[in-house]
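Here are my notes after going through the coordinates, written as numbered points. Have the viewer open while you read.

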Amino acid sequence: MVDLIATAAFGLEAVVDRELERLGYADRVVEDGKVTFSAPESAIARCNLWLRSADRLLLQVGEFTAIDFGELFDRVEALPWEEWLPRDAAFPVEVRAVRSAIRSQRNGQSIVKKAIATRLGRRYGLSQLPETGSTYAVDVAIVADTVTVAIDTSGDGLHKRGYRKTAGAAPLKETLAAGLVQLSYWNRDRTFADPFCGSGTLPIEAALIARNHAPGLGRAFLAETWPHLPRTAWIEARDEARDAILRDPIAPVLGSDIDMGVIATARRNAEAAGVAKDVRFSNTAAAEFGSSEQFGCVVCNPPYGERIGEQREIERLYRSLGDVFLRLPSWSFYVLTSHQGLPDLVKRRADRRRKLYNGRIECVYYQFYGPRPPKPHASKIREHRPVDGESNRADDGAAE
Ligand SMILES: C[S@@+](CC[C@H](N)C(=O)[O-])C[C@H]1O[C@@H](n2cnc3c(N)ncnc32)[C@H](O)[C@@H]1O
C-alpha cells in the first residue's frame, strides 16, 4: 500500500473526493486543497488516468513536524528515499511554506535536497549522485509547521489532457470545467449546453464524462518512467479505461459562441479528445440560445467584464441571459462568473452559490435549478451523481 495525495483547487476537494470514492478508494481524508488516501500501488496509474478535477497526484513519503532547518534535515534524511529513487534519479525539490516557523522556501529547498542526497549517497556508496535518470519531483508543503513530503507522480498538471492544442482568450482549466459539470445535476441523459463555449472545454469535459472516457487516456505521466513501478500497472489501467468507454447513445451536448474562429478551435479540440461525434458546435450569440429539448442543463463561463469600459456591455449580455432562462423554464442554469450582479441582471435568485477560483479570479458558481425531470431522465450510471445533492429544490434527475 502507498499513501497518495490528490491535490485540488479551492472548492473542488469534495468533487475529487467523490471521484476517488467512485474509483473504489476508501478511508479518504479531505482537507483544504487535497484528499489523502491509502491504496495499492496500482492506484498511481488508475488515479492519474481517471481523476478529472484533481490538479495532480502525489506519492506521500512522510509527514512530520519541524520548526527549524536542523530538524527538517534530520527528518527528511530519515525517510526511506531509496525505496523509490534509484541511484541515477534526478530529484528537483520544491518547498512551499505557510504559517510556519520555517519561512525561507529557498533555504528549505537546499536543505531538503542535501538531506535526500546525503541519504542516497550513503545507500548507493556515491559521493556525487549523477541525476541522469528518471525525474522524481519532490514536493514539500509546510503548513503550520507540519511538513508533508511527497513525490509528484503526474508530471504535467492533470488539466493537461492532451486534447487542447489551442484555446480562446480566457480558457477554463479542464480540471475546473470537469468540476463545474460534476457539481451540476446534469447527467448523460439530459441535454448539455454551453452558449459561451470558447475553445469547447465545458462541452468536451461533459462528453468525456457522458462516455465514461478517462480524461488522461491521451497523455503520459511522470511516474511511467519510474523503474520501480511495473509497466503492467500502466498497461492494465489503460486497458481498463478503454474497456470502460460507453458506446450507447447520449443526449445532445452543445457548444456555441459568438466568435466563429474559436468555434473552429473547439471543433479541433473535440476531435483530439475523441468526442467530435458527441458535441455539436455552432456559431451563435448567447441571446439566441433556445432548444426544444426538455430538462436540459446550461453550464457556462461567460465573459466577466473585468476590464474597464466593458461593464455596460456585460450587463446587457447578462440581462439577455435572463430572457434565455425565461424561454427555457424546464432547464437548469449554472453560471461561473466574478460579476456579483448576475442574479439581479437575470432577475432570478440563485438556488445555490459556491465560491470557486478561476485561476486567481474569485468567482461564484451560481446555480439556478429547473424542475425535477421525470424518471426516464435519471441516469443509470453512477458517474453523474451530483457532488452536493443536499439542495432544497432538488433538480435531481441525476441522483441514483
Ligand atoms: C470566458 S470565455 C469562455 C472560455 C471557455 N469556457 C473555454 O474554456 O475556452 C467567454 C466566451 O464567451 C464568448 N462570448 C462573448 N460574448 C458572447 C455572446 N454575446 N454570445 C456568445 N458568446 C459570447 C467569447 O467569444 C468567449 O469565447
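1. Let me begin with one buried tyrosine pair, and keep in mind that this is a predicted model. Tyr 334 is buried, and Tyr 369 is buried too. The two rings form a tilted aromatic pair, with 6.2 Å from centre to centre and 55 degrees between the planes. Tyr 334 belongs to strand β12 while Tyr 369 falls in the segment after β14, so this pair ties together parts 35 residues apart in sequence.

2. Tyr 334 has a further partner. By the ring-centre rule there are twelve aromatic pairs. In the one between Tyr 334 and Tyr 365, the centres are 6.0 Å apart and the planes meet at 35 degrees, so this pair is tilted. Here the strands are β12 (residues 332–337) for Tyr 334 and β14 (residues 361–368) for Tyr 365, so the pair ties together parts that are 31 residues apart in sequence. Both Tyr 334 and Tyr 365 are buried. Add Tyr 185, and ring pairs link Tyr 185, Tyr 334, Tyr 365 and Tyr 369 into a cluster.

3. Now the nonpolar cores. Which members of the largest core touch the most other members? They are Trp 81, Leu 85 and Ile 116, out of 61 residues. Helix α2 (residues 43–50) supplies the largest share of this core, with six residues. Apart from this core lies another, of 60 residues, and Val 279, Cys 297, Tyr 318 and Tyr 365 are among its members. As background, nonpolar side chains in soluble globular proteins tend to be buried together.

4. Ile 116 deserves a closer look. Leaving out neighbours within four places in sequence, Ile 116 is in contact with Val 76, Trp 81, Leu 85, Phe 91, Val 93 and Val 138. One of these, Phe 91, also has a charge over its ring: the charged end of Lys 113 sits there, 3.9 Å from the ring centre.

5. On to the ligand. Around it are 18 residues, and the ones that come nearest are Leu 172, Ser 199, Thr 201, Asp 257 and Ala 286. How far is a polar side-chain atom of Ser 199 from an oxygen atom of the ligand? That distance is 2.6 Å. For Asp 257, a side-chain N or O atom is 2.7 Å from an oxygen atom of the ligand. Asn 301 has a polar side-chain atom 3.3 Å from a nitrogen atom of the ligand.

6. Asn 358 has a contact list that includes Leu 172 and Asn 301. Not counting residues up to four places away in sequence, Asn 358 also touches Leu 176, Tyr 304, Leu 336 and Cys 363. The side chains of Asn 358 and Tyr 304 make a polar contact at 2.9 Å. Asn 358 is in strand β13 (residues 352–358). Is this polar residue buried or exposed? With 15% relative accessibility it counts as buried, because the cut-off for buried is under 20%.

7. Last, a charged side chain to check. Arg 238, in helix α7 (residues 231–244), is buried, with a relative accessible area of 14%. Setting aside residues up to four places away in sequence, Arg 238 touches Leu 49, Leu 217, Arg 219, Ala 220, Phe 221 and Glu 224.

How values were computed:
Residues numbered from 1 in each chain as written. Predicted model: local features only at pLDDT ≥ 70, side-chain atom pairs only at ≥ 80, totals over all residues. Heavy atoms only, no water. Phe/Tyr/Trp six-rings, centres within 6.5 Å; stacked < 30°, edge-to-face > 60°. Helix = DSSP H or I, 4+ residues; strand = E, 2+ residues; numbered from the N terminus. Buried < 20%, exposed > 50% of the residue type's maximum accessible area, 1.4 Å probe, protein only. Lys NZ or Arg CZ within 6 Å of the ring centre and 35° of its normal. Polar contact = N/O pair within 3.5 Å; in protein donor to acceptor, adjacent residues only side chain to side chain. Contact = heavy atoms within 4.5 Å. Core = buried A, V, L, I, M, F, W, Y, C linked by side-chain atoms within 4.5 Å. Near = heavy atom within 4 Å.
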